[in-house]
Amino acid sequence: MTQTQHCGLVAVVGAPNAGKSTLVNALVGQKVAIVSPKAQTTRTKLLGVAIEDDAQILLVDTPGIFEPQRRLDRAMVAAAWTGTEGADLIALVVDGKGGIGGKVERIAEALKDRPEPKILILNKVDLADKPRLLLHAEKLNALMPFADTWFVSAQTGDGLAELKSALARAMPAGPWHYPEDQVSDATERALASEVTREQLYLQLHAELPYASTVETEKYSEREDGSVEIHQQILVERPTQRAIILGKGGSRIKEIGARARTELASILGSPVHLYLHVKVKPGWDEDREVYRGLGLDWVE
């Protein structure tokens with residue numbers, strides 16, 4: 001007798017830096033979303049595919065929801081909310097260590113009247129004070145009724161097996177949407193851009209704000225099975241270009257080397273990565289750039 005398949009969509013929402021991407025990666029079992037200590041690393045919604053027994057759990061990793069200041073911010077927040085459309089379950093992820101600020105309360109308020117079942121996931125429990133965690137859970141459940149509250153650490157894996165089983169049980173009966181070996185809806189071309197952008201964040205920290213993006217201009221397979229990738233890093237000012245290049249080109253070499261190693265591991269083949277830094281003032285006001293990022297143009 002064949003098992004009945006289950007498949008459903010879980011929208012993963014929260015304030016910036018709640019650990020949503022780390023959680024999605026951990027539930028999927030491999031990296032599908034880039035992560036960095038910088039808030040607002042995720043720019044567009046991305047689908048991670050997790051499998052548990054007969055259930056396929058489609059996890060929509062959304063950008064952190066915050067007060068938008070400029071067009072890119074508005075587009076990211078719009079992507080987060082559209083990521084919740086059609087969800088079978090909404091998971092509000094909260095940084096258990098950081099606690100509940102105005103941002104989290106505003107998101108909870110906005111979710112309160114949504115018809116979808118909602119669960120609360122308090123993340124980073126390995127770093128948080130236990131009595132405070134319980135107070136956070138009580139306060140948020142008083143703001144709105146959650147079907148369930150989970151205490152997990154996406155980083156260490158604490159509580160993840162139980163959470164994944166519960167998500168699987170919540171998925172409606174229906175055929176799987178993706179082949180068993182597919183872990184994301186991102187194209188390899190888009191993934192390549194994200195991996196390089198992650199290295200910009202990880203290596204430059206506060207030196208380079210959100211004034212950069214990465215475009216994959218060429219992605220092709222060579223006859224020997226290796227992959228050739230040409231990317232353009234867009235920045236707003238010459239000083240930012242100098243930061244990325246580093247002394248004698250040392251920084252961009254390191255960014256390229258680490259991105260190349262990561263991509264080779266993800267793609268399972270050797271990678272030839274060519275990076276070029278271009279100064280393009282106002283790139284975040286260019287419709288074509290938004291299209292490349294997978295973001296809607298928001299007035």
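In the predicted model, glutamate 194 forms a salt bridge with arginine 197, and the closest N and O atoms of this pair are 2.9 Å apart. The two residues belong to helix H6, which spans residues 188–204, and they are three residues apart, about one turn of the helix. Both partners, glutamate 194 as well as arginine 197, are buried. Side chains of opposite charge can pair when their charged atoms come close. A search of the whole structure finds eight salt bridges, and two others, described below, link separate elements of secondary structure.

Between helices, a salt bridge is formed by the side chains of glutamate 105 and lysine 139, with an N to O distance of 3.2 Å. Glutamate 105 lies in helix H3 (residues 102–112) whereas lysine 139 lies in helix H4 (residues 130–143), so that this pair ties together parts that are 34 residues apart in sequence. Glutamate 105 counts as partly exposed, at 29% relative accessibility, and lysine 139 is likewise classed as partly exposed, with a relative accessible area of 42%.

Between strands, the side chains of glutamate 228 and lysine 218 meet in a salt bridge, again described by an N to O distance of 3.2 Å. Glutamate 228 is located in strand E8 and lysine 218 in strand E7, and the pair therefore ties together parts that are ten residues apart in sequence. Glutamate 228 counts as buried, at 13% relative accessibility, while lysine 218 is partly exposed, its relative accessible area being 37%. Salt bridges that share partners join Lys218, Arg222 and Glu228 into one network.

The strands that carry glutamate 228 and lysine 218 are also paired through their backbones, since nine bridges join E7 (residues 212–221) to E8, and the two strands run antiparallel. Within this pairing, valine 214 has isoleucine 233 of E8 as its bridge partner. The hairpin of E7 and E8 has five residues between the strands, and in this hairpin glycine 225 takes a positive phi near 90 degrees. Strand E8 itself, which comprises residues 227–235, is mostly covered, eight of its nine residues being buried.

Strand E8 is further joined by nine bridges to strand E9 (residues 271–279), and here the strands run parallel. In this second pairing, isoleucine 233 stands opposite valine 277 in E9. Isoleucine 233 thus takes part in pairing towards valine 214 and towards valine 277, and strand E8 has E7 as an antiparallel neighbour and E9 as a parallel one.

Positive phi values also occur in residues other than glycine, as shown by asparagine 17, for which phi is about 70 degrees. Asparagine 17 is placed in the loop between strand E1 (6–14) and helix H1 (20–28), where this residue is partly exposed, with a relative accessible area of 33%. A further case is lysine 124, a residue other than glycine whose phi is positive and near 65 degrees. Lysine 124 is placed in the loop between strand E5 (118–123) and H4, the helix that also contains lysine 139 of the salt bridge to glutamate 105.

Definitions and conventions: Residues numbered from 1 in each chain as written. Predicted model: local features only at pLDDT ≥ 70, side-chain atom pairs only at ≥ 80, totals over all residues. Heavy atoms only, no water. Buried < 20%, exposed > 50% of the residue type's maximum accessible area, 1.4 Å probe, protein only. Helix = DSSP H or I, 4+ residues; strand = E, 2+ residues; numbered from the N terminus. Pairing = 2+ DSSP bridges. Salt bridge = Lys/Arg side-chain N within 4 Å of Asp/Glu carboxyl O.
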